[in-house]
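Subject: Handover of a structure with a bound ligand

Dear colleague,

I am passing the structure below to you for your files. Please look through it first; my notes come after it.

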Amino acid sequence: MCGIVGYFGKKEAQPVLMEGLRRLEYRGYDSAGIATMEGDVIRITRSVGKVSELAALIKEGDQSNVGIAHTRWATHGKPTESNAHPHRSNDGKVAVVHNGIIENYKELKEMLQRSGATFVSETDTEVIAHLIRHELSSGINLVDATRTALVQLKGTYGIIVMSSEYPDYIVAARMGSPLILGVGDNEHYIASDASAILRYTRQMVYLDDGEIAVVGRGGFDIRTLGNKMVEKEIELIDAAEAEIQKMGYPHFMMKEMMEQPDVLLNSTRGRLDVENGMAILGGLRDVADRLRDIERVIIVGCGSAYYAGLVGEYMLEEYAGIPVEVELGSEFRYRKPIISKNTVVIAISQSGETADTLAAVREAKEKGALTLGIVNAVGSTIARETDAGVYNHAGPEIGVASTKAFVSQMTVLALFTLFLGRQRSMSLVTGQRIAKEILELPDKVKEILIQQDKIGDIGLRYKDVAHAYFLGRKYCNPIAMEGALKLKEISYIHAEGYAAGEMKHGPIALIEDGFPVIVLAPKDSVYDKSMSNLEEIRARGGRVIMVTTEGCEIDRNLVDDVIFIPKTLEMLTPILAVIPLQLLAYFVTIEKGLDPDMPRNLAKSVTVE
Ligand code: F6R
């Protein structure tokens with residue numbers, strides 16, 4: 001969840017590292033720090049708060065060409081200056097930045113304290129600095145000391161280490177937390193996320209778990225924890241620099257919502273054959289025969305990705321006729337899932353690095369399932385570890401709240417449905433109809449986005465509410481949950497999403513005069529039932545925002561506000577219905593004076609369990 005960046009080269013390290021931190025800030029932003037090395041001196045500056053606060057403390061004129069930096073999302077210990085990274089050994093000669101969690105840090109800390117180390121932070125990371133120092137004192141070099149220290153760690157890490165006794169190289173290693181090596185012209189970058197270094201190089205080497213990179217004046221090498229050298233390919237990353245800028249929008253979230261028509265185009269480009277009512281998914285070509293025999297689908301994901309999976313369950317069961325279960329990544333492996341070789345496990349993840357989803361993929365593979373990924377971040381761990389998959393092509397999503405990635409996840413699931421459905425009993429006519437409707441979605445999304453002023457006005461009126469319910473049935477049930485998640489995570493308003501039919505089983509007890517309820521009631525097969533729920537809310541004084549289909553005659557006495565979305569197939573309605581909920585959450589948040597891109601306590605990529 002934290003972001004780390006390192007540099008060894010010929011440029012001044014400080015500006016490179018600070019720029020990297022700014023780009024990584026979405027991963028964690030409660031404190032930040034930087035260490036640079038010049039000769040045998042390591043200089044460290046750390047601060048609580050955002051990277052801008054660290055920047056204010058940085059002294060100009062640092063000439064060093066080597067350094068490491070970190071932006072933190074606290075796991076062990078509060079966000080304080082002493083808990084911020086880099087952490088160092090007591091003699092100040094070893095400095096470390098770390099992303100991940102060391103599970104056995106208490107035992108190691110006790111051992112190190114017995115041999116004289118003094119701890120100054122509450123973090124798990126500090127043990128790594130002391131442990132490497134401890135190993136160095138036996139006379140081995142920094143690479144061997146790091147290797148020897150790492151084999152004693154249990155847990156996850158992406159780390160970068162430097163030592164003033166070894167000014168000619170820095171060492172980076174990965175176990176369960178992403179780490180990328182960027183190769184420049186006689187210079188090297190290391191980062192937990194390509195976005196930190198993309199402006200300098202597109203040549204990347206992806207480290208795998210258990211690998212150590214040694215980066216110095218003579219280039220780099222990669223070895224295993226057991227000191228076996230590894231040959232790795234340098235891959236060329238294809239991502240436009242512009243994609244990770246705000247492009248004039250006030251927030252990434254707004255930019256990303258506005259990009260959704262293009263995202264729909266990109267997620268479906270070249271993947272639809274309308275004439276034959278088929279989806280062409282190149283990423284599934286090698287497993288197409290195996291997919292024909294699949295008897296069961298398990299979808300795993302976390303947060304919004306999980307809700308997209310729930311939409312996929314409705315789509316796949318209705319149109320492909322395959323039994324589907326959707327499971328939270330964090331529950332999957334602890335549930336001892338029963339998996340046969342005719343089960344396909346589909347992991348959905350924007351970042352491709354979510355620890356719980358990745359753990360589910362590994363568990364499924366071990367049990368012999370075919371694993372597929374619906375992943376946005378190209379080259380991410382889940383993309384690489386699944387047997388096959390389909391990229392979202394939504395472009396980098398920087399805002400913490402998922403918007404365009406969520407929409408593209410549902411879109412790719414619709415393509416999957418077409419693919420698996422046409423392998424089975426879906427008729428040509430149905431396939432053609434779905435393909436044609438998918439192609440019309442970008443324009444329909446535009447029609448919703450242009451209502452942003454109206455939705456902004458509604459946001460203004462709801463900014464002071466303390467609670468809200470979101471209700472939806474069938475395809476819109478997961479969207480109710482997604483709408484509630486969006487509102488609570490960025491505006492801090494307590495919100496819950498329910499299947500509308502569940503209201504009378506308990507939640508309706510809270511409805512009283514003025515209680516806000518967002519009812520998703522598009523004109524679909526459950527419209528009449530949704531309207532009955534709406535009347536039940538209204539009868540108890542609830543304040544209703546209704547999302548429904550253009551052309552529906554709405555009794556204005558039943559609703560306070562109504563937002564219209566264009567008509568589409570029922571299975572594609574969630575892709576449209578979520579857009580007003582994203583906009584609503586955004587505008588309520590802005591009205592409250594909060595930053596939707598960096599909500600408190602959250603980070604974009606959750607690489608810890
Ligand atoms: C909510 C949100 C999160 C993510 C979840 C999974 O707006 O963004 O709930 O959906 O953390 O992340 P990925 O998709 O990267 O696995």
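The notes below take up the ligand site and then two details of the backbone.

Please keep in mind throughout that this is a predicted model.

The ligand site

The ligand is surrounded by 14 residues, of which Ser 349, Gln 350, Ser 351, Thr 354 and Glu 489 come nearest. Sorted by class, this shell consists of seven polar, five nonpolar and two charged residues. Two domains contribute to the shell: domain 2 (247-448) and domain 3 (452-591) each provide at least three of its residues. Among the helices, α9 (303-319) and α16 (477-491) each supply at least two shell residues.

Which part of Ser 402 lies 2.9 Å from an oxygen atom of the ligand, backbone or side chain? For Ser 402, a backbone N or O atom lies at that distance. For Ser 351, by contrast, a polar side-chain atom is placed 2.7 Å from an oxygen atom of the ligand. Lys 486 likewise uses its side chain, where an N or O atom is 2.8 Å from a ligand oxygen atom. On its own, the ligand has 410 Å² of accessible area, and the protein covers 89% of this. The space that the ligand takes up is the second largest pocket.

Two backbone details

The peptide bond between His 85 and Pro 86 is cis, with an omega of about -5°. Pro 86 belongs to the loop that runs between β4 (66-72) and β5 (87-88).

Asn 186 is not a glycine, yet its phi is positive, at about 55°. This residue, Asn 186, sits in the loop between β9 (180-183) and β10 (188-191).

With kind regards

How values were computed: Residues numbered from 1 in each chain as written. Predicted model: local features only at pLDDT ≥ 70, side-chain atom pairs only at ≥ 80, totals over all residues. Heavy atoms only, no water. Near = heavy atom within 4 Å. Polar contact = N/O pair within 3.5 Å; in protein donor to acceptor, adjacent residues only side chain to side chain. Areas by Shrake-Rupley, 256 points an atom, 1.4 Å probe, with all protein chains shown as cover. 1 Å grid on protein atoms, 1.4 Å probe; cavity = no way out; pocket = protein on both sides within 12 Å on 5 of 7 lines; lining within 4 Å. Sits in = over half its atoms within 2 Å of the grid points. Helix = DSSP H or I, 4+ residues; strand = E, 2+ residues; numbered from the N terminus. Nonpolar A, V, L, I, M, F, W, Y, C, P; charged D, E, K, R; others polar. Domains from an automatic or database assignment.
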